[in-house]
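Work through the two exercises below with the sequence and the coordinates at hand, and try each task before reading its solution.

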Amino acid sequence: MENENKNTFTIIDNRTGASYTIPVQDGTIRAMDLRQIKVTPDEFGTMSYDPAFMNTASCRSAITFIDGDRGILLYRGYPIEQLAEHCSFLEVAYLILYGELPTQDQLHDFERNVTLHTLVHENVKKLMEGFRYDAHPMGMFISSVAALSTFYPEARRVRDPEQRKLDIFRLIAKVPTIAAWSYRHHLGLPYVYPDNDLPYTANFMNMLWRKVESKYVANPVLARALDILFILHADHEQNCSANTMRCVGSSEADPYVTVAAAAAALSGPLHGGANEAVLTMLAEIGSKDNVPAYIKQIKEGKGKLMGFGHRIYKNYDPRARIIKQTADAVFEVTGRNPLLDIAIELERIALEDEYFIKRKLYPNVDFYSGIIYQAMGFPTSMFTVLFAIPRTVGWLAQWQEMLEDKEQKIARPRQIYIGHSRREFVPMEKRGTPQQMAAV
Ligand code: CMC
């Protein structure tokens, strides 16, 4: 009996004196097991309250593992450092989507399938041309990805694995095309069609930067750096956008609008929009000498140090370390970005400061990525789009896993209602002043 109860909690309800045995699995109790705890039989039962999901697991997932205290990130069990060193982005995409590293043949097939779908319908191009000349590329990206839904109505068959497979290829293939065109639009340059002779990242660079040459040749160091950045951004378990992907996908919306919703979540400055905000901040600081005064301001509660802090990492973000190394290779080609000196000084001072040490605030993935993107020639407005391209893979893997999970249903949190209890309607002529109305 004692043994049987080992993996359980005993909860005693002091309101009634009743005792409940609640199973504990994987260090977790099921919120639904609390429902039986009630004072009277007709009561709803106990819920858990967890704004911002600070301590709630919403799914079981086999995709990405993070140990935030030790700064560890694994995709399907493989350390991010090893994947970044040895793999191409599409190889990692295969791993994230299907669970195992591909054989040579599997990778070849996967690359071929993705390459076959890089083109978008001409009307998507027309739609994109309709945006204002100064449209933010992330807004264009989100809207254009959503618009793909209208070109593939069959994508609504989300319970059909073959259909899903096709839409996954399409999305991974088309996001670089849409991203590159949103950039060209910004510059008033004609959109460049995909070149299917080129690998994924080099083809993206071709669509971004080809001018009048008949064949664009990407600098191999920069292409590799971009590939590594894509690997680092491919998935990050249940963050705001992955959670959006799962939440919207749980209603069985098609994957195009669902990815667009996830991209919208990514666009905020507290999530993927942070890389853009870091550059704005570094430019605002202006020089190394101004760093101490800027940090003082942050400590006084005037804003946040963008690119610092993370809900999960309470140690150095392992992705930031790899990005810092990648920066050296990029700067050998592009020349050093002068903002790097400000960033390094900011990091040095912040990491020695009691305020940041106490709160375990370290540079995150966004702190250095923008500096590299800028050195490569991207405007800041493109940074979050560059995050969205590889993260599409993670979103799709999370979506697929959610749909195949028998325990998942449409996502629908509970609330604690704090509004008025029932009150009678007041006709217009009896409403008086707003103050009188509020007092009703
Ligand atoms: N600068 C200064 N203080 C900070 C920062 C920061 N960047 N981040 C957190 N704090 C403080 C915060 O004010 C709070 O202090 P106190 O305890 O005195 O009230 C304490 O640290 C705990 O912060 P929190 O807001 O409870 O932490 P959170 O887990 O809710 O927020 C975060 C995580 C990433 C939203 C936040 O750290 C932040 O806003 N950072 C800046 C934006 C950023 O770089 N975002 C990119 C995240 S990584 C990539 C991604 O996932 O998209």
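**Exercise 1: the ligand site**

Task: find which backbone and side-chain atoms make polar contacts with the ligand, a polar contact being a pair of N or O atoms within 3.5 Å.

Solution. Begin with the backbone, where an N or O atom of glycine 307 lies 2.8 Å from an oxygen atom of the ligand. Next, a backbone N or O atom of phenylalanine 308 is found 2.9 Å from a ligand nitrogen atom. Then turn to the side chains, since a polar side-chain atom of arginine 311 lies 2.7 Å from an oxygen atom of the ligand. The protein buries 72% of the 940 Å² that the ligand exposes when taken alone, with accessible areas from the Shrake-Rupley method and a 1.4 Å probe.

This is a predicted model, in which local features need pLDDT of at least 70 and side-chain atom pairs count only at pLDDT 80 or more, while totals for chains, interfaces and linings use all residues. Residues are numbered from 1 along each chain as its sequence is written, and side-chain values use heavy atoms, with hydrogens and water left out.

Finally, widen the view to the shell: 20 residues surround the ligand, each with a heavy atom within 4 Å of it, and His271 and Leu305 are among the closest. By class, the shell holds 10 nonpolar, six polar and four charged residues, where Gly counts as polar and Arg as charged.

**Exercise 2: the sheet**

Task: establish the strand order of the open sheet of three strands.

Solution. The order is β3-β4-β5, with antiparallel pairing, where strands are DSSP runs of E of at least two residues, numbered from the N terminus, and two strands pair if DSSP finds at least two bridges between them. The edge strands, β3 (64-67) and β5 (78-79), each pair on one side only. Two bridges join β4 (residues 72-75) to β5, and tyrosine 75 stands opposite tyrosine 78 in β5.

Methods: Helix = DSSP H or I, 4+ residues; strand = E, 2+ residues; numbered from the N terminus. Polar contact = N/O pair within 3.5 Å; in protein donor to acceptor, adjacent residues only side chain to side chain.
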